[in-house]
Amino acid sequence: MSTSLQRGITTLLAQIDAPVATFFSTCVHCGLCAESCLFYTETQDPKYTPIHKLEPMRRLWQQEYTFWGKLLKKVGLSKPVTDEELAEWEPLVYDSCTLCGRCSLACPVGNDITYMVRKMREGMVASGHAPEGLKGATQRAIEQGSPMGVNLKTLKAQIKHAEKETGLTVPLDVEGADYMMVLSSAEVADYPEIISAVTRIFKQADVSWTLASDGFEGTNSGIQIGSSDLAADILGRIVHAAERLKVKYVISPECGHAYTALRWEGPNLIGRPYPFQVIHIIELLDELRSSERLKTDSVDETRMTFHDPCQMVRRGGVIEQPRNLLKQVAPNFVEMPDAGVQNWCCGGGGGVSANHRAERLRIKVFSRKKSQLEAVDAKLLVTSCSNCRTMLLDGLELNRMDVEVIGLTELIADHLTDNAEGKAS
Amino acid sequence: MKEHETLEQRLHEQGVSRRSFLKFCAAMATMMALPPGSATAIAAVLAKVKRPSVIWLSFQECTGCTESLTRSHSPTLESLIFDMVSLDYHHTLQAASGHAAEQAREDAMKEFHGQYLLLVDGSIPLKDGGVYSTIAGRTNLDMLQEAAEGAAAIVAVGSCAAFGGLPNAQPNPTGAVAVSDIIKDKPIINISGCPPIPAVITGVLAHYLTFGALPALDDQGRPKAFYGETIHDRCYRRPFYDQGKFAKTFDDEGARNGWCLYELGCKGPTTHNACATTKWNGGAGFPIEAGHGCLGCSEPKFWDVGSFYTPLPAPAADVTAFAQAAALAGAAAAVVLSTADRAKQRRAQRTRQKLTVSDLKGE
């Protein structure tokens, strides 16, 4: 069994549902989605018009599911989708789309273009037209448990380190805990401070929580490459672990697509409802803050701003929570232009960061983030997605900008009331 | 001949304020459905432009078109037309007469060869060597051909110049034809109507001066901005038509209630013009508001399509039953087709092979 054009076409035919048919038929070709797309605004190349990225799927829909399309195809006036065409579209569907959802928001007739790009990727991967980097990441996610090759051994080393740093116990595989924390591979590998941070916060707030040895990795490359089959496999581990530990909540980490996978796509992927609820770490922290279980006693005077991860604001609606938290510790917090629901993507979401071929384009379109940052002249950039964080660090360095980047959870943990007693030494 | 001064100087001399001028430009931009910013563009260009030479030839006509323009609610924005152009020849309006008048025309043609605008009202008789209408001993045909040769563009003002009009109506004893039947090698813009709306001709001239080109035209050579929609489409009585409320005579209850005049022969549905929106006499109204149907005067052959009081042909049979059957058949076809499509999608979902990690490696 291997990938082929026919397999891709069959997959696309299965993917074209009533919403897709409605969106294609109601598109008024106004081009507003172009102006909303980072890749168009920064390059001015019309091929990056979001709806254009779906052209092969649109034609397939027309030829297979509409009266006039069938007729045109029959008399040879509408050419069939070819393997070469899909190959040509691969960079448009993967390199120049971060599934950021800005186009869906801009569409005046309400077409969810992002939803369609996600579906288009199903056909692309089935026809063998997915980027090598993303294929490698997905393969590692399935075979080794993590796209970045992080395994239980790595996690245990980081847990040990955090326990030493905080003097607290990091719970692992505690059955019957209220919350099960999931991490992203970038957090385990590059930002392990998050483990100490949540340990200290949950200790102060008296939250009953645990990590799971068989379900700690939240990053879902299956969603990014666009394969529901593989995404379900990856997600299944978390669901299984949560069911095994009988937790009430699963906490999504500071990772955009992990949140989308867990919170929005999850039950559809596994085909049944969850026996638990999913909450983003920032949502939980804000809940703890409003119920006065999370207390801070110091502030950071640095002029700082917040980068909204696309999956949190646009796909998830988590907009006010990070700001409530920031208000508590950052008196010199400033908003970037277009902050909140209209914030611009870091450029590396939706699998673009794992796709080496896309790197040059990703760095080019960072110009938008650069100008957003320059407008506020902040010294510290806070965000709540580890992938955004890596992309931002990368872009800032290449542009020689003197701005620090930090995760929101860590920032909050740094100002906890019992900060001093929590630290071992 | 004196140097043509700019429009701004000319307006200033005549005591027209800049405010009135800008209002005029905004009105022009609005009427021609141009983007909002173009009012300032029009103002900037018009203020600086050298007033072009205009030669106005009147052939088989009734002077109604000139009257429409000059008698329009004064002082008006439309009257500015005469400030926008240097009217070098117009045998009704000019002071000179006889040889002096013809001399003025010849001088303008020579001096502004290839640049002047030629405005024509009235049709041109061709029968019997064109003897039915002559000026200074020359036939209209001869004069038109001579003047057209050096014109930048020709504006056919009124239905006679645009389509032949009344002189062309059956049995057409003089063999009258439209300008476009004779001149084939110049841009011609038809401003039809009997008479045409004054603002339309002003708008076209403003467009020509601002952009250096004629506006977009419809298949009858008329500017789309003014002739793009029918009287019926923009008629204030249209809701009554949609509700099936018609006046049956000119003095019945329906007529008093202002119902639709379709059955009294209104030609609104087939007539393209801007009367219903631009209106007449300083916005006072248009024929339908006075209780009379549209005559269709801006359409070709409007004299020859039957009585002004004969209703436009409507479907003779009751179409309701047919429409219902067609709707049912369409709905049935849609159900059949969409069921087939659904089956196709389900088949694809069934036959689709599950993607595995070996597929990723298999490349």
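In the predicted model, B:Ser53 of strand β1 in chain B has B:Ser86 as its bridge partner in β2(B). The two strands, β1(B) with residues 53-58 and β2(B) with residues 86-90, run parallel and are joined by four bridges. Strand β1(B) also pairs with strand β3 of chain B, which comprises residues 116-121; this pairing is again in the parallel sense and extends over five bridges. Within β3(B), B:Val120 is the bridge partner of B:Leu57.

Strand β1(B) is mostly covered, with six of its six residues buried. The side on which each residue lies was also determined: B:Ser53, B:Ile55 and B:Leu57 point one way from β1(B), whereas B:Val54, B:Trp56 and B:Ser58 point the other way. Residues pointing in either direction are buried.

In chain A, a packing of two helices was examined. Helix α11(A), spanning residues 152-166, packs against helix α13(A), spanning residues 193-205, at an angle of about 50 degrees, and their axes are 9 Å apart. Because of this angle, α11(A) is oblique to α13(A). The crossing of the two helices, α11(A) and α13(A), is right-handed. On the α11(A) side, the contact is made by A:Gln158, A:Ile159, A:Ala162, A:Glu165 and A:Thr166. The residues contributed by α13(A) are A:Ile195, A:Ser196, A:Thr199 and A:Arg200. Grouped by class, the contact between α11(A) and α13(A) contains three nonpolar, four polar and two charged residues.

How values were computed:
Residues numbered from 1 in each chain as written. Chains lettered and ligands numbered in written order. Predicted model: local features only at pLDDT ≥ 70, side-chain atom pairs only at ≥ 80, totals over all residues. Axes fitted to C-alpha atoms, helices over the stretch in contact; angles between N-to-C directions. Parallel < 35°, antiparallel > 145°, perpendicular 65-115°, else oblique. Left-handed = near helix turned anticlockwise from the far one by under 90°. Contact = placed C-beta atoms within 7 Å. Nonpolar A, V, L, I, M, F, W, Y, C, P; charged D, E, K, R; others polar. Buried ≥ 20, exposed ≤ 12 C-beta atoms within 10 Å, placed from the backbone. Pairing = 2+ DSSP bridges.
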